[in-house]
Amino acid sequence: MEVYHDVASRRFYVDLEGERAYLEYVIESDALCVMHTIVPVGISGRGVAGALVSAAYDYSCAECLRFVPKCSYAKAWLERYLWTHGGM
């Protein structure tokens, strides 16, 4: 699955089967804050949200930004990531 990054809109997105899933973020000081992760019902349950959050996390690391999940899905993803990878 290909995740695209629209820097101007501050969104990561995936187009799948004619539907678009996306993650919106803001940059606050030295942090990338994930505000929303939206996946249409028709493409849910396929790992799309995880791919979006993972892409945002990787981007925050590459840009030396703290990763701050403000949406519930991103918070849960980060907890799982830290659990399986032993911390940041």
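In this predicted model, the charged end of R11 sits over the ring of Y22, at 3.9 Å from the ring centre. A second contact of this kind involves R20, which lies over the face of Y13, 3.9 Å from the centre of that ring. To place such residues in the fold, one may turn to the sheet.

The sheet is open and has five strands, in the order β1-β2-β3-β4-β5, with mixed pairing. Its edges are formed by β1, residues 4–6, and β5, residues 66–69, each of which pairs on one side only. From one strand to the next, the twist averages 30°. As general background, the strands of a sheet pair through backbone hydrogen bonds, and they may do so in a parallel or an antiparallel manner.

The pairings can now be followed across the sheet. Strand β1 is joined by three bridges to β2, which covers residues 11–16, and these two strands run antiparallel. Within this pairing, H5 has F12 of β2 as its bridge partner. Further along, β3 and β4 also run antiparallel and are joined by seven bridges. Here E28 is matched with A31 of β4 as its bridge partner. The hairpin of β3 and β4 has two residues between the strands, and S29 in this hairpin takes a positive phi near 55°. The pairing of β4 with β5 is parallel and consists of four bridges; in it, V68 of β5 is the bridge partner of C33.

Helix α1, residues 48–62, packs on this sheet. The helix touches β1, β2, β3 (19–28), β4 (31–38) and β5, and its direction makes about 145° with that of β2. Its length can be checked by simple reasoning. At 1.5 Å a residue, the 15 residues of α1 should span 21 Å, and because the end C-alpha atoms are 21 Å apart, the expectation and the model agree. Why is the product not taken with all 15 residues? The expected span is 1.5 Å times one less than the number of residues. The buried residues of the helix are V48, A49, G50, L52, V53, A55, A56, Y57 and S60. Just after α1, C64 takes a positive phi of about 55°.

One of these buried helix residues, S60, can be examined in more detail. S60 has a relative accessibility of 1% and therefore counts as buried, since the limit for a buried residue is under 20%. Apart from residues up to four places away in sequence, S60 touches L32, L65, R66 and F67.

The aromatic residues provide another view of how helix and sheet meet. The structure holds seven aromatic pairs. One of them is formed by F12 and Y59: the ring centres are 5.9 Å apart and the planes stand at 70°, so the pair is edge-to-face. This pair links distant parts of the chain, as F12 belongs to strand β2 and Y59 to helix α1, 47 residues apart. Are the two partners buried or partly exposed? F12 counts as buried because its relative accessibility is 4%, whereas Y59, at 22%, counts as partly exposed. Together with Y25, F12 and Y59 form one aromatic cluster.

Two further residues bring strand β4 and the end of the sheet into the picture. T37 lies in strand β4 and is buried, with a relative accessible area of 17%. Leaving aside neighbours within four places in sequence, T37 is in contact with Y22, L23, A49, L52, V53, C71 and Y73. One of these partners, C71, is found in the loop between β5 and α2 (72–85). C71 is likewise buried, with a relative accessible area of 11%. Not counting residues up to four places away in sequence, C71 touches V34, M35, H36 and T37. The C-alpha atoms of C71 and V39 are separated by 13 Å, and these residues are 32 residues apart along the chain.

The final example is S9, which lies in the loop between β1 and β2. Its relative accessibility is 43%, and S9 therefore counts as partly exposed. A distance of 13 Å separates the C-alpha atoms of S9 and M35, which are 26 residues apart along the chain.

Notes
Residues are numbered from 1 along each chain as its sequence is written. This is a predicted model: local features need pLDDT of at least 70, side-chain atom pairs count only at pLDDT 80 or more; totals for chains, interfaces and linings use all residues. Side-chain values use heavy atoms; hydrogens and water are left out. Two strands pair if DSSP finds at least two bridges between them. Axes are lines fitted to C-alpha atoms, for helices over the stretch in contact, and angles run from 0 to 180 degrees between N-to-C directions. Contact means heavy atoms within 4.5 Å. Buried means under 20% relative accessible area, exposed over 50%, partly exposed in between (1.4 Å probe, protein chains only). Rings of Phe, Tyr and Trp (its six-membered ring) pair if their centres lie within 6.5 Å; planes under 30 degrees apart count as stacked, over 60 as edge-to-face and the rest as tilted. A charge sits over a ring if NZ of Lys or CZ of Arg is within 6 Å of the ring centre and within 35 degrees of the ring normal.
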